[in-house]
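Work through the exercises below with the sequence and the model open. Each task is followed by a solution in steps.

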Amino acid sequence: MSTPAAPDVTVLGAGIVGICSALSLAERGLQVRLIDRDAPGQATSFGNAGIISPWSVVPQSMPGLWKKVPGWLIDPLGPVTVKPAYLPRVAPWGLRFLSEGRAGRVQQISDAMDTLNRNCVEMYRLHLAGTGHEDLVQDSYYVHAFRNADAADLGSVDYRMRAERGADMERIGAAELRDLEPALTPEFQAAILIKGQARATSPGRIGTVLAAKLQSMGGEILQQTVRGILPAQTGGWTYTTEAGQDWTPKLVLAMGVWSGELLRPLGIRIPMESERGYHVSFKNPGVALNNSIMDMDMKFVASSMQEGLRVAGTAEFAGLDQPLNQKRLDGLAELARALLPDLQAGDMDTWSGQRPSLPDSLPCIGEVEGFPDLIAAFGHSHYGLMMAPKTGRLVADIVSGTPVNEDLAPFRARRYERITT
């Protein structure tokens, strides 16, 4: 066992969810240790599209989606791909995913998403206040751009979902879109503006800055690879890294898709799939975007960031250990050139990371049933950047024994299991 005194709580995983959880715990006066094999915020959290939207309340699985999936799968530039050899493994998850898109179910999921996203912009501003890097979060529209003007319909079910939960939206035509975003292709005939949100100008920098803030508050950050967790006989939890075994009174599991691997030896089965995402970043693009842009036909997002113009999207199901799919990166670059005709695409960086996705688009948050003092904070799929601050606040409530004012039932870690007591 290590010699330093045990912290009050240890957070495994220093993605944006783990960082926000550690920060909120430190704000309660708790001594926090944060552990990850990577530098804070530089793995999956680094590579997202930078959208910070209180109105991301539309589940991934929606009624009628099953009709679109076959077309997406056969389109080499489509938003979803499955490695053929992996299809038998992912099929049960896929059927559960489609089942969660039932008409009655999606409203419940949307309410739960609203719980986590509602105040995300303000909460980031609170976390960044006083760091000198407040400009990492900037006011922005989310521009949903359509080549078919008829498809830009505020009456469609997904926009109604947002409106019912308070989103301010506006439909604009081709000329107004050109004024707002002159760099976009003239092929777009209409757009829907989702207002009252923000964008991250560098998601990786946000992770670095907030990790430094945690350390300034007395938090400890260790760069180690976590290999296993076990409940301790005397209470609390042990965890094993290459440095040995250590003990902590309370353990927060925020390791994204790797969380499921750590839970399996405890007999816990989480139906969480590794959904690989890609981005391409153009260092000297020669064009700029004023807002976050979603190409609604090809389902990818483009945004100007400190590191260049980033194009992010696509979901690939191939398992955790598969090599990069260069075709997906090439496809994203091709889509970017179609989106932005004057793009200078010569100097670009590429990235790939693993999103932890559950069939119902919701993460696992809360004490794991049957395992006292083990707190789940993983499985945020496409929404980790947005949901991280509220997740962190809920984790701090749970660990500190503060009454939680939200219904956490939709986020139960073992909601897909039949638990016998």
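Helices are DSSP runs of H or I with at least four residues, numbered from the N terminus. The model is predicted.

**Exercise 1. State what follows helix H6 and give the sign of its phi.**

Solution.
- Step 1: Find the end of H6, which covers residues 157-164.
- Step 2: Go on to Gly166, which follows H6.
- Step 3: Read its backbone angle: the phi of Gly166 is positive, near 105°.

**Exercise 2. Find which residues of H6 are buried, and what covers them.**

Solution.
- Step 1: Apply the cut-off, since buried means under 20% relative accessible area. In H6 this gives Asp158, Tyr159, Met161 and Arg162.
- Step 2: Look at their directions around the axis. These four residues cover an arc of only 150°, so they lie on the same side of H6.
- Step 3: Look for the cover. It includes helix H4 (103-117) and three strands: E5 (137-146), E6 (169-173) and E7 (190-200).

**Exercise 3. Check the span of helix H10 against its number of residues.**

Solution.
- Step 1: H10 runs over residues 326-339, which is 14 residues.
- Step 2: At 1.5 Å a residue, the helix should span 20 Å.
- Step 3: The end C-alpha atoms are 20 Å apart, which agrees with the expected span.
- Step 4: For its burial, list Arg328, Leu329, Gly331, Leu332, Ala333, Leu335, Ala336 and Leu339, which are buried in H10.

**Exercise 4. Describe the setting of Pro372: is this residue buried or exposed?**

Solution.
- Step 1: Place the residue. Pro372 sits in the loop between strand E18 (364-367) and strand E19 (374-378).
- Step 2: Compare its area with the cut-off. Exposed means over 50%; Pro372 has a relative accessible area of 56%, so it is exposed.
- Step 3: List contacts, leaving out residues up to four places away in sequence. Pro372 touches Trp237 and Glu367.
- Step 4: Take a distance. The C-alpha atoms of Pro372 and Ser156 are separated by 44 Å, and the two residues are 216 residues apart along the chain.

**Exercise 5. Judge how compact the protein chain is for its length.**

Solution.
- Step 1: Count the elements: the protein chain has eleven helices and 19 strands.
- Step 2: Compare radii. The radius of gyration is 21 Å, close to the 22 Å of the globule rule for 421 residues, so the chain is as compact as a globular protein of that length.
- Step 3: Add the extents, about 65 × 45 × 40 Å for the C-alpha trace along its principal axes.
- Step 4: Add burial: 56% of the 421 residues are buried.

Definitions and conventions: Residues numbered from 1 in each chain as written. Predicted model: local features only at pLDDT ≥ 70, side-chain atom pairs only at ≥ 80, totals over all residues. Heavy atoms only, no water. Buried < 20%, exposed > 50% of the residue type's maximum accessible area, 1.4 Å probe, protein only. Helix = DSSP H or I, 4+ residues; strand = E, 2+ residues; numbered from the N terminus. Arc of directions from axis to C-beta. Contact = heavy atoms within 4.5 Å. Expected span 1.5 Å × (residues − 1). Rg over C-alpha atoms; globule rule 2.2 N^0.38 Å.
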